[in-house]
Amino acid sequence: MRNWEEYVRSRLTLPDLAPEREARIVRELAAQLEDFYREALARGATEGEAEAHACAQVRDWDRFAQDVWLADRPNVRPRVARWSEQVEETAYRKGRRWGVIADLLQDTRYAIRQLLKSPGFTLVAVLTLALGIGANSAIFSVVNGVLLRPLPYPQADALVRVHEIVPHYGRFTVAPPNFFDWREQNTVFERIAMVSTGSATFTQGDVPERLSMAYVSWDVFDLLRVQPMLGRSFTPEEDTPGKSNVVVLSHGLWQRLFGGDRNVLGRSITLSGTPATVVGVMPADFYFPNRETELWSPIATPNDPTQRGAHYVIVFARMKPGVTVEQADAEMKTIAARLAAQYPDRNEGESAEVVALHEQTVGKIRPALLTLLGAVGLVVLIACGNVANLLLVRASARAKELAIRTALGAGRRRLIFQMLAESTVLGLAGGALGLLLAYAALQPIRTLGAASIPRVDDIAIDGGVLAFTAALSLLTGVVFGLAPAWQAQRANLNGVLKEGGRTSAAAGGRWVRNALVVAEVALSLILLVGASLLIRSFAKLTGVDPGFRAENVLSFRVALPNASYPDLARQAAFYESLVERLESLPQVTSAAAVQTLPMRGTYVLSTGIVGRPPLPPSQQPSINYRVVSRRYFETLGIPLLRGRAISERDTTSSPGVVLIDQAFVDAHFPGEEPLGRQLTIGNGTNRPYEIVGVVGDVRTDGFDALAAPTMYVPHTQDPFSSMWFLVRTTGDPAQLASAARQAVLELDRTLPAFSMAPLADVVSDTLAQRRFSTLLLGLFALMALFLAAVGLFGVLSFVVSQRIPEIGVRMALGASRGDLLRMVVGHGMRLALAGVVLGLVGALALARLVATMLFEVTPFDPASYAATAAVLLATAALACYVPARRALRVDPIIALRYE
Amino acid sequence: MFNAELKKGSTEMLILSLLEARPRHGYEIGKLIEQRSGGKLTFALPTLYPTLLRLENRGWIRGRWVEKPGERARCFYRLLPEGRRVLARQRETWKEYIAAVNQVMKPSRA
């Protein structure tokens, strides 16, 4: 007789059906065909006829196979499972070493199946991890983009900034004659270049436009090792006065102004009334020294040794191969000391400092970013604690399964592997979802950080972030999987099976679960303390009186080209008439001009007091210098304390007058009458200025800096070629913008008003970095609080469900509701309290890390600690209450039957 | 004998009703249908077998290997509670349908 099973198997192909299912179908069909065969025999057919009869039952095997497959589709397995099985099989066949991989695959498949069996648990665990890992990926992508990735220039680690160090001030811009000496004398730099940023008015069509530009040494592009994509860079000859009317355009400007026309080379454009020839276009992603710069022109500064006091350029250099920043710094200090000895008049006490360009760019933000990274590290630890607890609870529910597997011969190592496989799968799933969360968070982070984070556009999810997330996911998987795995392998076989597999493992894991919750509470307390310290600092800062009223004031800038406003009188006249025109606008109460906005850059000059023994220039005090129009004080609400304000009589030709602030009086005229005294100011006008008034202090350097002595001179007596205008209105300053722009154009059709913004925004931007770190840290602390509360809730719920029989007994014996409530809530609050105490110790130890980010709040601020502990305990009480309520609803009869 | 559509629609009901009394194996089901219909209804293996699988996957019947003394092992299908409910419903519907059809086809006297 024919082997019917073989007959069916060779004809029926059922792809991707579970092997045991396929075997059953083949066996059953074979049995039926055999029935047909036997029936034919019984009817008296020959063997051959009987076989033919049976075979005739199915004529079209392909069609039949399709029908069977469709009918049995619920048993068709996913392709992935098939594939991993094949790999597994191959691995087993290959022998011992591959066996580990096969085990791993099998464990993983088993883990996925187990997780899918309890979707609720899996969902909670994955979401918790996604929150923790996502926060880490997001912050790491900031750290990666800002701190870790090299600057976008070839061999960027050799690029440095060279500062002058000026007594009383520290790092300072460089005076060109010193730069020339540095270039001459150093042996450590391959190239060294100076840069000065500015802007120029470009007119094309009707509307003039202000372009950001940089004046640079001719070889700055060689220094950066980036060449123009079109045309050439500058020649040494072009870096001399009178020959420097050439420009290199940024890619963006080239696109914007010339639509990417490659014939742009040699074209002439007019910048602030002066023609300049386009000689090159830089590549698309190039920027230097900042992203705003749209074109470059040779700086062409003459080496005038008498100008050693005029500090205004910034200096970049590329170190020779093999030279370290320390070596470069040492040599520059030696050279600076030599220059100080050589020119005691201007250079005395001056030094130099070399700082890696990367450090220069991002050094300031580093502590804040690292603090945030530490904070999200704590968040993910808390998430790990939560998931570990979930797994522990699950493990004790599965104690029986594990015991049976052990009884069937699963080794301890294999069981640990199995548990770790589950937690790793969870970790990776959480990581994948976390990455999506991080991706969604990037744009908000970029927006939030735009005003405060250097290189904010370099923040992205790249290979580094992916690798970090993958590593973190695996690590978290192992970290939160360890406790359950350890518990799984030490489960007592006998005990579990005897006790019906419920309580034994649970009892063993109790202290682990409690410890995890205590740790979670402690970690979240640390974060909350950090956040509340920052929040209190921020509140104190915003409460600081800056000394002026920025609300309802519009600010913008106007620059007068030398070509059309060659002399001081014409400049002064323009400013006067613009202020007048602005004041005539509806809703405007007053308007004024100043050369440097408060909190937006410094402008200091060395100053002497007439009648006191003269000091050498290098020892004269450097004082904040503001050149202002008449109604400046009124416009900004700065009070006049004594004497008089600037009046119409203070003109170019009248005697020089100056107003000083209270800080100046306190510093230099303690107990003396300053009114009527005279100052000599290093502004190049060579005339004395009589002090005619004293005004209130202004925090010129930001909310967190004390008011520095400041002096105010009428703009008519020292005009600047560009001024800021301030317009106070009774309405919304932003709505004044177009009227203000129009007012400028009415006076001069070629002049753009630029950098226009409400002054309140400008002031608020100075807090941007603090706002960034405070907001994020606060957010992470809230996440931590939430996760810790969930953890506490989870553990207590489990404890209550474990103790239902006990609660039943107690109720039956007459325990009151109060007793039970006390029992459950007491258990939770003991854990929370332990966590709070531990957390307070940890916070005290770690608080010093945020000390630099605080303002008028000590790292040990008792209020912050007390408030945080209170919030945490209150949250804990809430998390305890719900499980406690459940305990109260226990019906003693049902509870006792539970056993 | 009858057209394919008509047969197909009733296969499931026929199988369920045959399993109502006791579990049977696939070959037996096919033979019974043929016998009881006096040879007017025959279901070839390619029609019958996928239907069995489908009913099993719906949870209406369940197959189980049984070895009876002196016989080969066979897969016996048993009617599950859900299948029993479905059968009762289908029977009702069928009766109503037949009655309605008869009603319509009754030769009119007038």
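The exercises below, each with a worked solution, concern a predicted model with chains A and B.

Residues are numbered from 1 along each chain as its sequence is written, while chains are lettered from A and ligands numbered from 1 in the order in which they are written. Because the model is predicted, local features need pLDDT of at least 70 and side-chain atom pairs count only at pLDDT 80 or more, whereas totals for chains, interfaces and linings use all residues.

**Exercise 1. Describe the side of chain A that touches chain B.**

Start with the contact itself, in which two residues count as touching if their C-beta atoms, placed from the backbone, lie within 7 Å; 13 residues come from chain A and 13 residues from chain B. Next, find the elements of chain A that supply two or more residues to this side, namely α2 (19–42) and α4 (61–71), where helices (H or I, at least four residues) and strands (E, at least two) are DSSP runs numbered from the N terminus. The most is given by α2(A), with five residues. Finally, sort this side of chain A by class, which yields seven nonpolar, two polar and four charged residues; here Ala, Val, Leu, Ile, Met, Phe, Trp, Tyr, Cys and Pro count as nonpolar, Asp, Glu, Lys and Arg as charged, and the others, Gly among them, as polar.

**Exercise 2. Locate the largest nonpolar core and place Ala876(A) in its surroundings.**

A nonpolar core is a set of buried Ala, Val, Leu, Ile, Met, Phe, Trp, Tyr and Cys residues joined through C-beta atoms within 7 Å. The largest has 116 residues, and those with the most contacts inside it are Val379(A), Val521(A), Phe780(A), Ala784(A) and Leu792(A). Helix α14 (residues 366–397) of chain A contributes the largest share of this core, 19 residues. A second, separate core has 62 residues, including Val594(A) and Ala753(A).

Now turn to Ala876(A), which lies in helix α28 (residues 862–888) of chain A. Ala876(A) counts as buried because it has 26 C-beta neighbours inside 10 Å; the cut-offs are 20 or more other C-beta atoms within 10 Å for buried, 12 or fewer for exposed, and partly exposed in between, with C-beta atoms placed from the backbone. Leaving aside residues up to four places away in sequence, Ala876(A) touches Val521(A), Leu792(A), Gly828(A), Met829(A) and Ala832(A). From Ala876(A) to Ala753(A) the separation is 123 residues in sequence and 57 Å in space, C-alpha to C-alpha.

**Exercise 3. Trace the strand partners of β4(A).**

Two strands pair if DSSP finds at least two bridges between them. On the antiparallel side, nine bridges join strand β3 (residues 189–203) to strand β4 (residues 208–216), both of chain A, and Gly198(A) has Met213(A) as its bridge partner in β4(A). These strands form a hairpin with four residues between them, and Gly205(A) in the turn has a positive phi of about 75 degrees. In the parallel sense, four bridges join β4(A) to strand β9 (residues 295–298) of chain A, with Ala214(A) opposite Trp296(A).

**Exercise 4. Work out the strand order in the sheet of chain B.**

The three strands form an open, antiparallel sheet in the order β1-β3-β2. Since β1 (24–25) and β2 (61–67) of chain B stand at the edges, each has a single partner strand, so one side of each is left without a neighbour in the sheet. Between β1(B) and strand β3 (residues 73–79) of chain B there are two bridges, and His25(B) stands opposite Phe76(B) in β3(B).
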